[in-house]
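Grab a coffee and open the model in your viewer. Here are some exercises, each with a worked solution to check yourself against.

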Amino acid sequence: MNKMTLNLGPQHPATHGVLRLIIDLDGEEVVSAEPDIGYLHRGMEKLAETRNYYQYLPMVDRIDYLSGFFYSYAFCNAVEELNHIKVPQKASYIRIMLMELNRISSHLLWFGTYLIDLGAISPIFYAFRERELIMDYFEKITGQRMMYNYFTFGGVRHDIPFFDDVQSIINTIGDKIGDYERLLSENPIFLDRTVNVGVISEKKATEWALTGPNLRASGVLSDFRVNMPIYDDIDFDIVLTNEGDCYSRYLVRIYEMRESIKIIQQCIQWLGQCSSRDLPFLEKVTLKTFPNQEVFSSVEAPRGLSMCYLNSIGGNTPYRVKWRTSSFYSTQILKDILVGVTVPEIMAIYGSLDVVLPEVDR
Amino acid sequence: MNYLLNLFIEFLDKHNFNESIGIMIFSILPFAIIAAALVFVVLMLVYAERKILAYMTQRKGPNRVGPNGILQTTADAIKLLCKENIELLHSDKVIFTIAPILAFSSIVVLWCIIPYNAEFHLIDSTISLLFYVAVAGFPMLFHFLAGYASNNKYSLLGSYRALSLTASYSVPILFTLLATIFLADSMDLHKIIIAQEKVWFIIPNIIGFIVFFIASIAELNRCPFDLSEAESELVSGYHTEYSGMRFAMFFLGEYAALFVTAVFTAIIFFGGYQPPFGVYLSNILMGNCRCFNFLIYFEQTFWLIAKSSIIIFLIIWIRGTLPRLTQKSVMNLFWRYLTPISIINLILIILATRG
């Protein structure tokens with residue numbers, strides 16, 4: 001058998017960054033695939049060891065530039081656990097609201113780029129139009145569009161004065177998600193490209209340690225938000241599909257956006273009720289000495305479970321910070337599921353896993 | 001053509017020119033007109049596509065060069081002309097160089113057999129429809145050669161996709177055109193147009209139109225059938241290694257083909273240059289005054305371009321809406337659905353016209 005080895009990437013329009021896939025092709029069929037990562041390694045974990053906690057805080061947003069709030073939250077939460085800081089309830093609600101908005105914006109970007117991978121050029125502009133609303137709001141609140149540095153140890157940096165904006169944003173996005181679904185969910189070409197493509201069975205998904213929407217699309221009931229104490233008072237459903245193909249991963253993300261809207265609605269309600277009372281949004285703390293201890297902090301990010309392992313041996317710098325990022329696991333499964341598919345399906349499958357390369361390499 | 005020639009000779013006689021020089025000029029002039037029109041139409045089409053797609057996706061499109069950005073494509077073309085032609089060390093230099101030229105020129109040939117009005121056509125032939133079908137398949141062949149000569153793996157994948165696509169779409173196209181030939185009783189594009197004086201062929205041949213429209217999008221190598229380019233899979237497919245003017249040949253050729261295919265569709269199904277109401281506006285306006293007879297020819301060209309513009313808009317609209325098909329499903333679509341449908345359509349039309 002004559003094979004053709006194709007180096008897909010690191011510079012390729014559909015790898016969304018710098019992933020290199022070494023693919024052996026027989027005609028258009030993939031015989032073997034080997035993901036090669038590390039082109040975007042910034043030493044995020046090592047950098048923590050030479051910086052104090054406050055200096056490291058702005059950096060964690062950059063681990064995944066599309067969902068900065070989640071990594072910010074994971075790190076803040078770890079430090080708060082380390083020092084037994086109690087976060088005010090208002091800060092928790094603000095955090096939830098911003099994280100869910102961030103989840104929507106991340107899923108919207110995934111939606112647009114995924115359709116670009118499939119060859120549809122319009123949806124990315126629609127998705128960006130809606131994402132822009134969220135970005136503008138973030139800019140208003142935090143002063144930044146992507147690298148927020150808004151969560152801090154003990155709460156959030158500023159109070160949130162604008163709730164009406166959020167209400168109109170989620171109303172608009174709720175409408176527009178309906179538009180996306182009308183455009184795509186029953187589009188025969190879209191179905192042809194995604195249904196029964198890149199099927200990940202329940203067993204395979206758990207074996208390769210997938211998390212987040214990718215795991216839920218395979219029918220595994222797993223959402224870390226139910227384990228997070230700050231989500232205790234929030235009522236939401238876990239979106240679950242059983243097929244495990246690209247289409248169900250698409251559906252899971254679309255429905256998750258709806259669920260996020262539901263969560264944001266509850267946050268706005270809570271924050272609106274107590275807007276007259278002057279509640280604290282930040283537990284003022286001075287962090288000088290840290291205990292000799294290690295903590296884990298996890299958060300359900302848009303791409304799956306993100307974990308921050310923090311080891312302190314006293315002093316004002318972490319001894320070791322380790323990040324568990326879900327895209328890393330979504331990338332390694334490619335080796336397994338790409339075998340036997342054709343070249344167009346590589347893009348359909350890889351895109352559906354929602355991999356963000358900075359998060360893989362850290 | 002004779003009418004225009006006589007008009008021209010009359011004009012020369014009046015001003016005491018030699019008649020043989022006039023005939024010589026006249027044999028070159030129409031080609032020059034077509035060449036100028038081709039450049040103009042292609043530049044405007046690129047602009048139109050960018051604008052239409054921009055407004056479909058909530059953008060403004062080109063709006064800096066010239067009024068409303070209308071000169072943007074001209075600027076782009078000049079830029080491409082000035083750019084360096086990059087070649088790989090191990091590419092097949094000869095084929096690599098001539099493939100874009102041949103791909104472009106085969107489309108220019110298509111422009112020459114189209115009757116733009118009752119008088120103006122460059123190649124008059126009784127089998128012009130057959131000629132069109134034969135030449136229309138050429139660009140894909142040169143796309144294949146270009147990809148093959150590039151010595152690039154993406155180009156190679158793109159080029160053999162182009163071949164398999166050609167094998168898929170040409171069969172349904174041939175069968176629908178056969179139906180048209182039976183309806184018009186001729187392979188001459190002029191006679192086909194005249195045969196649609198009362199009823200456009202889209203009415204008896206609606207199935208044929210749908211099949212032909214889908215297949216001609218595939219022939220144009222446009223979304224959702226742009227498998228051989230497929231920028232998200234194959235970078236740029238067969239023209240990955242092309243740059244500068246050679247790339248522009250492919251790029252502009254694609255738009256020249258878009259226009260000529262739309263015109264051809266208008267001729268085959270929408271009565272070509274005939275007015276949609278059965279009567280010429282210039283006849284109504286001018287009455288029977290013979291001196292303005294030539295206005296009719298302008299009107300005919302206008303109708304032809306108006307009809308094809310709608311078809312071009314449809315094709316651009318489809319590009320803005322649909323994701324790309326895979327090779328497997330393209331084959332499936334053409335061989336399992338469109339080919340049998342077009343054969344059944346042909347049989348029905350033969351029975352209706354001959355039975």
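Before we start: strands are DSSP runs of E at least two residues long, numbered from the N terminus, and two of them pair if DSSP finds at least two bridges between them. Keep in mind that this is a predicted model.

**Exercise 1. Find the hairpin that joins β6(A) to β7(A), and work out how its strands pair.**

Solution.
- Step 1: Locate the strands. β6 of chain A covers residues 292-301, and β7 of chain A covers residues 304-313.
- Step 2: Look at the link. Two residues carry the chain from β6(A) into β7(A), making a hairpin.
- Step 3: Check the pairing. Ten bridges hold β6(A) and β7(A) together in the antiparallel sense.
- Step 4: Pick a sample pair. S297(A) has C308(A) in β7(A) as its bridge partner.

**Exercise 2. Put that hairpin into its sheet: what is the strand order, and which strands are at the edges?**

Solution.
- Step 1: Read off the order. The sheet is open and has three strands, β6-β7-β8 of chain A, with antiparallel pairing.
- Step 2: Name the edges. β6 and β8 (320-324) of chain A each pair on one side only.
- Step 3: Add the twist. From one strand to the next, it averages 10 degrees.

**Exercise 3. Take the sheet with the order β1-β2-β3 in chain A and trace its pairing strand by strand.**

Solution.
- Step 1: Start with the layout. This is an open sheet of three strands with antiparallel pairing. Its edge strands are β1 (4-8) and β3 (29-36) of chain A.
- Step 2: Get the twist. Neighbouring strands here are turned by 20 degrees against each other on average, direction ignored.
- Step 3: Go from β1(A) to β2(A). Five bridges link β1(A) to β2 (residues 20-26) of chain A, and the two run antiparallel. On this side, M4(A) sits opposite L25(A) in β2(A).
- Step 4: Carry on to β3(A). Seven bridges connect β2(A) with β3(A), again antiparallel. I23(A) has A33(A) in β3(A) as its bridge partner.
- Step 5: Inspect the turn. β2(A) and β3(A) make a hairpin with two residues between them, and G27(A) in the turn has a positive phi of about 70 degrees.

**Exercise 4. Which helix of chain B lies across β1 and β2 of chain A, and at what angle to β1(A) does it run?**

Solution.
- Step 1: Identify the helix. Look for α7 (residues 153-184) of chain B, which lies across both strands.
- Step 2: Take the angle. α7(B) runs at about 110 degrees to β1(A).

**Exercise 5. Describe how chain B divides into domains and how they meet.**

Solution.
- Step 1: Set the bounds. The domain assignment gives domain 1 (1-82) and domain 2 (92-354) of chain B.
- Step 2: Compare the centres. Taken over C-alpha atoms, those of domain 1 and domain 2 of chain B are 20 Å apart.
- Step 3: Count the contact. Domain 1 of chain B contributes 20 residues and domain 2 of chain B contributes 29 residues.

**Exercise 6. Which parts of the model line the largest pocket?**

Solution.
- Step 1: Get the volume. The largest pocket holds about 820 Å³ of space.
- Step 2: Go to the centre. There are 35 lining residues, and the closest to the centre are E49(B), E229(B), F251(B), Y255(B) and R319(B).
- Step 3: Assign the elements. α5 (123-142) of chain A and α2 (19-56), α3 (72-82) and α11 (244-269) of chain B each supply at least two lining residues. α11(B) gives the most, with six residues.
- Step 4: Bring in the domains. Domain 1 and domain 2 of chain B each provide at least three residues of this lining.
- Step 5: Sort by class. The lining has 17 nonpolar, seven polar and eleven charged residues.

**Exercise 7. How many cavities of 30 Å³ or more does the whole structure have, and what lines them?**

Solution.
- Step 1: Count. The search finds two.
- Step 2: Take the largest cavity, with a volume of about 170 Å³. Of its 19 lining residues, the closest to the centre are I107(B), P139(B), E219(B), L220(B) and A257(B).
- Step 3: Find the main contributor. α11(B) gives the most to this lining, with seven residues.
- Step 4: Sort by class. The largest cavity is lined by 13 nonpolar, four polar and two charged residues.
- Step 5: Turn to the second largest cavity, with about 40 Å³ of space. Its lining includes I113(B), H121(B), D188(B) and H190(B), and by class it has four nonpolar, four polar and two charged residues.

Terms used. Residues numbered from 1 in each chain as written. Chains lettered and ligands numbered in written order. Predicted model: local features only at pLDDT ≥ 70, side-chain atom pairs only at ≥ 80, totals over all residues. Heavy atoms only, no water. Helix = DSSP H or I, 4+ residues; strand = E, 2+ residues; numbered from the N terminus. Axes fitted to C-alpha atoms, helices over the stretch in contact; angles between N-to-C directions. Contact = heavy atoms within 4.5 Å. 1 Å grid on protein atoms, 1.4 Å probe; cavity = no way out; pocket = protein on both sides within 12 Å on 5 of 7 lines; lining within 4 Å. Points joined across faces, edges and corners; volume = space filled by probe spheres on them. Nonpolar A, V, L, I, M, F, W, Y, C, P; charged D, E, K, R; others polar. Domains from an automatic or database assignment.
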